[in-house]
Amino acid sequence: MSLLASIPTPILAQAEEPASANSAIGWVVFAVVLIGFGVAVVLNMRRGRKEVGAELELAANRRPYISDEELEGRKLDRTLGFGLVLLAIVGVALPLYWLGEPGRQEGAVETFNEQFIGRGQELYEVGAQCVNCHGPNGVGGAAQTSLLNDRGEFVDTINWQAPALNTVLYRYSAEEVYDILQYGRQQSPMAAWGSKGGGPLTDQQLWNIIDYLETIQLPADEVRAAVDKELADTCAPDDLGKCTLPEAKFATVGEAMFNMGLYTGFAGGAYSCGRCHTAGWSWGDPGQAGGGGLGPSLTNGATVRQFPTFQSQVDFITQGAVTGKAYGAYGQAGDGTMPGFGLNPNAEEEGSLMKPDQVMYTEAQIRAVVEYERGL
Ligand code: HEC
Ligand code: HEC
């Protein structure tokens with residue numbers, strides 16, 4: 001059965017940028033000055049023509065000027081005083097301006113950042129309607145879509161889990177998120193949004209969205225608490241990592257993590273592995289666990305062959321696939337789709353709001369899931 005679904009793409013409500021008010025005012029001032037200059041020239045020429053021949057009497061230097069007494073007294077004082085005031089203004093204002101300059105630059109950067117974040121939020125909520133599938137503030141949700149068979153015939157209407165984005169920068173670098181937005185996810189309701197992938201948004205708009213996403217990433221302790229609660233509700237693990245709930249659908253912490261959100265919709269499956277490695281997982285109809293979907297099959301000892309040692313597999317899950325870098329014994333260079341679960345790729349970035357403790361899984365959880373995978 002083909003998983004290809006018809007994808008409802010929201011219509012973009014893209015507003016034209018209004019011409020900046022500053023440039024409008026600039027043009028008005030320019031027009032006033034130009035007209036004023038023209039008027040002055042015309043008036044001057046007309047006056048000059050009337051007074052032809054009268055230059056001798058009218059010339060400024062032929063009129064008697066004020067007396068020496070006044071010239072060297074009040075007038076001189078006034079001129080010198082005026083000069084002093086100007087000097088004081090320059091002497092005080094320039095250092096003041098200089099002192100304020102770093103603050104002004106910071107303010108400008110901040111204003112730009114706020115503008116970018118605001119535009120990103122607008123796109124997320126209105127312009128591109130990411131909110132419809134990924135939920136308000138990126139809490140996760142679902143996309144209603146049609147399941148088609150190999151011949152493209154309608155099979156069923158399904159709800160395809162859309163992962164929470166309020167931890168997306170825990171697991172993907174900003175560049176990887178950019179690539180996902182640019183090209184979308186093939187054979188899923190996640191469309192290509194960037195112009196390079198045939199979508200409606202410019203690079204600038206994609207980066208604005210990522211700027212916005214950065215501001216909605218959850219604090220690490222909230223994530224830990226939410227995952228712990230989900231584990232307690234669906235598994236209630238004992239000290240050995242076995243599930244103790246009588247009605248638990250999973251046997252171990254590893255299996256529960258691999259499938260986190262499968263029956264509950266928790267965070268749109270963002271913490272799970274099954275959404276990529278088990279066909280049908282995302283719409284609640286999972287096939288063979290780890291049998292392969294967007295990600296490769298992990299069954300029949302596939303991961304033991306790929307990662308001869310337990311630790312090398314732990315390292316891979318911790319970091320995820322790095323775009324263009326080969327992994328394991330025979331892993332081809334990945335495209336960065338496999339997220340990292342134990343390292344925050346954005347924490348070291350300059351100016352990033354992300355912290356190194358903002359990671360998807362604890363080390364113990366990674367080990368539990370690796371143990372589960374190696375038995376698939
Ligand atoms: C029609 C519903 C829909 C819309 C609209 C939508 N997405 Fe998605 N998105 C999805 C689904 C479903 C997935 C998961 C696809 C899969 O199973 O691989 C996804 C995946 C993603 C991912 C990858 C997350 C991960 O952890 O794998 C990112 C990032 C993302 N979307 C961001 C966005 C942004 C930003 C927008 C708005 C520009 C958006 N999406 C609009 C449905 C949608
Ligand atoms: C968003 C989709 C996605 C999620 C979620 C995901 N993976 Fe993957 N995984 C992939 C893809 C795609 C690859 C192939 C490498 C690549 O191109 O990035 C992969 C590769 C792997 C491999 C190597 C398999 C091989 O034989 O080459 C292992 C092991 C693995 N993933 C385990 C996990 C575990 C464990 C989790 C959950 C903690 C997980 N994956 C979550 C997409 C995903």
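A disulfide is a covalent bond between the sulfur atoms of two cysteines. I start my notebook with that, since the first thing I looked up was such a link. One reminder to myself before going on: this is a predicted model.

**Entry 1: the disulfide**

I asked how many disulfides there are, and the count comes to one. The partners are C235 and C243, with their sulfur atoms 2.1 Å apart. I then checked the angle about the S-S bond: at -95°, the link of C235 and C243 is left-handed. Are C235 and C243 buried or exposed? Both of these cysteines turned out to be buried.

**Entry 2: D238**

Next I stopped at D238. I found D238 in the loop between α8 (220-234) and α9 (253-258). D238 counts as partly exposed, because its relative accessibility is 32%, and the partly exposed class runs between 20% and 50%. What does the side chain of D238 reach? I traced it to the backbone nitrogen of L240, at 2.9 Å. I also took one longer reading: between the C-alpha atoms of D238 and M260 there are 17 Å, while the two residues are 22 apart along the chain.

**Entry 3: the hairpin**

Then I turned to the strands β1 and β2. β1 covers residues 141-148 and β2 covers residues 154-162; the two run antiparallel, and eight bridges join them. I picked out one pair to look at on screen: L147 has D156 in β2 as its bridge partner. How many residues lie between β1 and β2 in the hairpin? I noted five, and G152 in that turn has a positive phi of about 80°.

**Entry 4: around ligand 1**

I moved to ligand 1, where 26 residues form the surroundings. The closest of them are C130, C133, H134, R171 and M190. I went through polar contacts to oxygen atoms of this ligand and wrote down three arginines:

- The side chain of R171 has an N or O atom 2.8 Å from an oxygen atom of ligand 1.
- For R185, an N or O atom of the side chain is 3.0 Å from an oxygen atom of ligand 1.
- For R275, the distance from a side-chain N or O atom to an oxygen atom of ligand 1 is 2.9 Å.

The elements giving two or more residues to this shell are α4 (131-134), β2, α5 (168-171) and α6 (174-183). So the hairpin strand from my last entry came back, because β2 is listed here too. β2 gives the largest share of the shell, three residues. By class I noted 18 nonpolar, five polar and three charged residues around ligand 1.

Why do I say that ligand 1 lies between domain 1 and domain 2? Domain 1 (1-7 + 108-217) and domain 2 (218-376) both give residues to its shell, so ligand 1 lies between them.

**Entry 5: around ligand 2**

Ligand 2 has 27 residues around it, and C273, C276, H277, M338 and E373 come nearest. Here, too, I listed polar contacts to oxygen atoms of the ligand:

- The side chain of Q306 offers an N or O atom 2.8 Å from an oxygen atom of ligand 2.
- The side chain of Y327 offers one at 2.7 Å from an oxygen atom of ligand 2.
- At M338 the partner is a polar backbone atom, 3.2 Å from an oxygen atom of ligand 2.

The elements that supply two or more residues to this shell are α10 (274-277), α11 (302-306), α12 (310-319) and α13 (363-374). The shell of ligand 2 divides into 15 nonpolar, eight polar and four charged residues.

**Entry 6: two cysteines beside the ligands**

I wanted to know how C133 and C276 are classed. C133 is partly exposed, because its relative accessible area is 29%. C276 is buried, since its relative accessible area is 14%, and buried means under 20%.

**Entry 7: two asparagines with positive phi**

Last, I checked backbone angles. N137 has a positive phi near 55° and is a residue other than glycine. I located N137 in the loop between α4 and β1, and N137 is partly exposed, with a relative accessible area of 45%. N300 is not a glycine either, and its phi is positive at about 55°. N300 sits in the loop between α10 and α11. Is N300 buried or exposed? N300 counts as exposed, because its relative accessibility is 65%, and exposed means over 50%.

Methods. Residues numbered from 1 in each chain as written. Chains lettered and ligands numbered in written order. Predicted model: local features only at pLDDT ≥ 70, side-chain atom pairs only at ≥ 80, totals over all residues. Heavy atoms only, no water. Pairing = 2+ DSSP bridges. Helix = DSSP H or I, 4+ residues; strand = E, 2+ residues; numbered from the N terminus. Near = heavy atom within 4 Å. Polar contact = N/O pair within 3.5 Å; in protein donor to acceptor, adjacent residues only side chain to side chain. Nonpolar A, V, L, I, M, F, W, Y, C, P; charged D, E, K, R; others polar. Disulfide = S-S within 2.5 Å. Buried < 20%, exposed > 50% of the residue type's maximum accessible area, 1.4 Å probe, protein only. Domains from an automatic or database assignment.
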